[in-house]
Amino acid sequence: LVCANVMRPRVPLVYLDLNTIIYIARAVSGDTKVSGSYVDLYTAALRAKFERRAMLPLSGEHLWEISKITDPN
């Protein structure tokens with residue numbers, strides 16, 4: 001029996017739901033129907049990533065759901 005040697009990262013993992021990612025993308029691209037606080041969330045998440053205070057992983061579910069989108073509008 002061989003067990004995987006899995007180590008937890010030393011920084012928090014922050015999971016953003018796909019809907020949140022979509023709202024961030026819309027807000028950053030200038031969509032006025034989306035709250036501007038999503039731009040703040042994007043800025044804070046990006047800063048935390050670059051400062052290595054958090055990791056923001058994408059899940060396989062994100063890729064699977066995005067691959068089903070045929071019309072991005």
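Colleague: Leaving aside its neighbours within four places in sequence, which residues is T20 in contact with?

Modeller: Good place to start, with one caution: this is a predicted model. Once the neighbours within four places in sequence are set aside, the contacts of T20 are Y38 and L41. T20 itself sits in helix α1. Its C-alpha atom is 9.5 Å from that of L41, although the two residues are 21 apart along the chain.

Colleague: Let me step back to the overall fold. How many helices and strands does the chain have?

Modeller: There are three helices and zero strands. Reading from the N terminus, the order of elements is α-α-α.

Colleague: I can see rings in the picture. How many aromatic pairs does the structure hold?

Modeller: Just one aromatic pair. The ring centres of Y23 and Y38 are 5.3 Å apart and the planes meet at 35 degrees, so the pair is tilted. To read that angle, remember that planes under 30 degrees apart count as stacked and those over 60 as edge-to-face.

Colleague: Which parts of the chain does the pair tie together?

Modeller: Y23 belongs to helix α1 (residues 18–28) and Y38 to helix α2 (residues 37–50), so the pair links parts that are 15 residues apart in sequence. Y38 is also one of the contacts of T20.

Colleague: Are those two tyrosines buried or exposed?

Modeller: In between. Y23 is partly exposed, at a relative accessible area of 35%, and Y38 is partly exposed too, at 23%. For a buried residue, look at A45 in helix α2. Its relative accessible area is 15%, and buried means under 20%. A45 and Y23 lie 14 Å apart, C-alpha to C-alpha, with their positions 22 residues apart in sequence.

Colleague: What share of the residues counts as buried over the chain?

Modeller: Of the 73 residues, 14% count as buried. The accessible surface comes to about 6400 Å², and carbon and sulfur atoms account for 57% of that surface.

Colleague: How do I read the overall dimensions, say the radius of gyration?

Modeller: Set the value beside what a compact globule would give. With 73 residues such a globule would have a radius of gyration near 11 Å, but this chain has 16 Å. Along the principal axes, the C-alpha atoms fill a box of roughly 55 × 30 × 15 Å.

Colleague: And what do the contacts say about sequence separation?

Modeller: Take the contacts between residues at least 6 apart in sequence: 56% of them join residues at least 24 apart. V11, in the segment before α1, shows how to look at a single residue. Apart from neighbours within four places in sequence, V11 is in contact with R52, R53, A54 and M55. V11 is partly exposed, with a relative accessible area of 23%. The C-alpha atoms of V11 and W64, by contrast, are separated by 26 Å, with the residues 53 apart along the chain.

Colleague: R52 turned up in that list. Where is R52 placed?

Modeller: R52 is in the loop between α2 and α3 (60–67). R52 is exposed, with a relative accessible area of 71%. Its backbone deserves a look as well: R52 has a positive phi of about 55 degrees although it is not a glycine.

Colleague: Last one, on charge. How far apart are the mean positions of the positive and negative charges?

Modeller: The chain carries 9 positive and 7 negative charges, and their mean positions are 10 Å apart.

How values were computed:
Residues are numbered from 1 along each chain as its sequence is written. This is a predicted model: local features need pLDDT of at least 70, side-chain atom pairs count only at pLDDT 80 or more; totals for chains, interfaces and linings use all residues. Side-chain values use heavy atoms; hydrogens and water are left out. Rings of Phe, Tyr and Trp (its six-membered ring) pair if their centres lie within 6.5 Å; planes under 30 degrees apart count as stacked, over 60 as edge-to-face and the rest as tilted. Helices (H or I, at least four residues) and strands (E, at least two) are DSSP runs, numbered from the N terminus. Buried means under 20% relative accessible area, exposed over 50%, partly exposed in between (1.4 Å probe, protein chains only). The radius of gyration is taken over C-alpha atoms; the globule rule is 2.2 Å times the number of residues to the power 0.38. Contact means heavy atoms within 4.5 Å. Accessible areas come from the Shrake-Rupley method with a 1.4 Å probe; for residues, only the protein chains shown count as cover. Lys and Arg count as positive and Asp and Glu as negative; His and the chain ends are not counted. The place of a charge is taken as NZ of Lys, CZ of Arg, CG of Asp or CD of Glu.
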